[in-house]
Amino acid sequence: MKVLVIGGGAGGLLTSLLLARDGHDVTVLERDGEPPPSTNDDAWDTWTRAGVSQLRQPHGFIGRTRTVLIEELPDVWAGIQESDTYTVDLTRFAPDPEAVTDDDRRRLRVEVMRRTTFDRLMSLAADSEPNLHLRRGVAVTGLTTGQPDPTGVPTVRGATTGAGDIDADLVIDSGGRRSAAPRWLDALGAPVEQWSESDGFTYHSMWFRTHDGNYPENVAGFFGGMAPGLLTLVFPGDAGVFGIAMVGLGSDKILRRLRDPEKFIEVTRRLSPIAHWVDPAVATPISGVLPMGAIQNRRLRFWNGDGPSAIGIVNVGDSVLSTNPSLGRGIALAAIGALELRSLLRETDRPAEITHEFDRAKEERLMPYLTDAVASDQAMRRVLNEALGKPTSDDISDRTRMARASTRDMDCWRRWKGVDQVFDLPSSYLEDAELMTRAREVAEDTPPPAYTLNRDELVDLLA
């Protein structure tokens, strides 16, 4: 098929590479015009990508993403291995390390690197792919259409750009969280379904580089410590670079003072799991504080009543759904969608059938993770609010009970991590009555994580 992909971010390039290597003629239109720099450090220092809003925020590439790269894009994986990235083996933190299986060790590993490094390697792979034509600096302004479907639904046959129209058998929107596709489809008389909800958090991150290119001991995975109203995460990167992220409620005004690098570092030095990471003898700051406001949990479905908004256009990646970045699921969910689409195109080249069947697949395979992400945010807001003396009326969910039980029970841990790393749907444990009974019992006796700082100490540090 002749495939047109709108958007050359991580999800768009992953989808494009999988389809091009399956024999399709793929054209990618990327609004940002800058090609990938010659080195990973150059990409970090100079690469400008206005279309990737979280380009310099910390990223971890979870188990599902890592597995897809190893199995489907071995050349990209080889480039990652050559980039001195960091692997977090989640089995190190299992409640019973003696009970960890080889399958656990294979699946439950997170690869951590700068997002600029990952995007650079994906862009280089796209530039080298014979069936993929990556056109940078090309902005799409609308969609072109052919004869309507027999039911009267518009049929999309390509896109309009400043350089002219581009025809395709299938158009794929990979425009991300800020996709313009709803506006383009509305102009065709094809309204879509949209939903969004703020996660309610605020984020502050800061980057460092170790003096010798090695990383300090990782004693708690990504967990960097907690204070009432504040959760901290550490993200080892690549080539001795690492990021620290602090998450709190957007309504907690004191956290705005984390924008001061000195205060950010001072708080970090009081968090025992990661204090040694920012020892001046170990690492030096290489950025200021990068703030990020509340993120929208959102979904976009090209659906109108009982059928598709238009025939011949589908969406992938963050255009389909986007969730709290702390979960690290964006590219993993994009990979699931891309693999589903590739399988579908192996069975049919009829645009109407592709449009219907891919929508069904996304509803079944992706939307449960949106529901799970919303529940995760609700649980975290509850923890942060209660720590600030603002108890909520929300009941403790079975999701929260499973999360607590996973710190003490191996069966709960394994099933929890299967969902956390996007190998299994949330229903895999929520619908297991026997497991949930045990999870509730274990959770009842499991204390919440201890605070590294109390609230008064945190306020004093930020004063």
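Two exercises on a predicted model follow, each with a worked solution.

**Exercise 1. The sheet**

Task: In what order do the three strands of the open sheet lie, and which are the edge strands?

Solution:
- Step 1. Start with β7 and strand β8 (residues 156-161). Five bridges join them, and the two run antiparallel.
- Step 2. Check one pair. Glycine 142 has threonine 160 in β8 as its bridge partner.
- Step 3. Read off the order. The open sheet runs β7-β8-β9, with antiparallel pairing.
- Step 4. Find the edges. β7 (140-145) and β9 (164-167) each pair on one side only, which marks them as the edge strands.
- Step 5. Add the twist. On average, neighbouring strands of this sheet are turned by 30° against each other, direction ignored.

**Exercise 2. The helix pair**

Task: How do the axes of helix α1 and helix α9 cross, and which residues make the contact?

Solution:
- Step 1. Take the axes of α1 (residues 10-20) and α9 (residues 330-345). They come within 9 Å and cross at roughly 30°.
- Step 2. Classify the angle. Angles under 35 degrees count as roughly parallel. α1 and α9 are therefore roughly parallel to each other.
- Step 3. Assign the hand. The crossing of α1 and α9 is right-handed.
- Step 4. List the contact. α1 contributes Ala10, Gly11, Leu14, Thr15, Leu18 and Leu19. α9 contributes Ile331, Ala334, Ala335, Ala338, Leu339, Leu341, Arg342 and Leu345.
- Step 5. Sort by class. The contact of α1 with α9 has eleven nonpolar, two polar and one charged residues.

Terms used. Residues are numbered from 1 along each chain as its sequence is written. This is a predicted model: local features need pLDDT of at least 70, side-chain atom pairs count only at pLDDT 80 or more; totals for chains, interfaces and linings use all residues. Side-chain values use heavy atoms; hydrogens and water are left out. Two strands pair if DSSP finds at least two bridges between them. Helices (H or I, at least four residues) and strands (E, at least two) are DSSP runs, numbered from the N terminus. Axes are lines fitted to C-alpha atoms, for helices over the stretch in contact, and angles run from 0 to 180 degrees between N-to-C directions. Angles under 35 degrees count as roughly parallel, over 145 as roughly antiparallel, 65 to 115 as roughly perpendicular and the rest as oblique. A crossing is left-handed if the near helix is turned anticlockwise from the far one by less than a right angle, and right-handed if clockwise. Contact means heavy atoms within 4.5 Å. Ala, Val, Leu, Ile, Met, Phe, Trp, Tyr, Cys and Pro count as nonpolar, Asp, Glu, Lys and Arg as charged, and the others, Gly among them, as polar.
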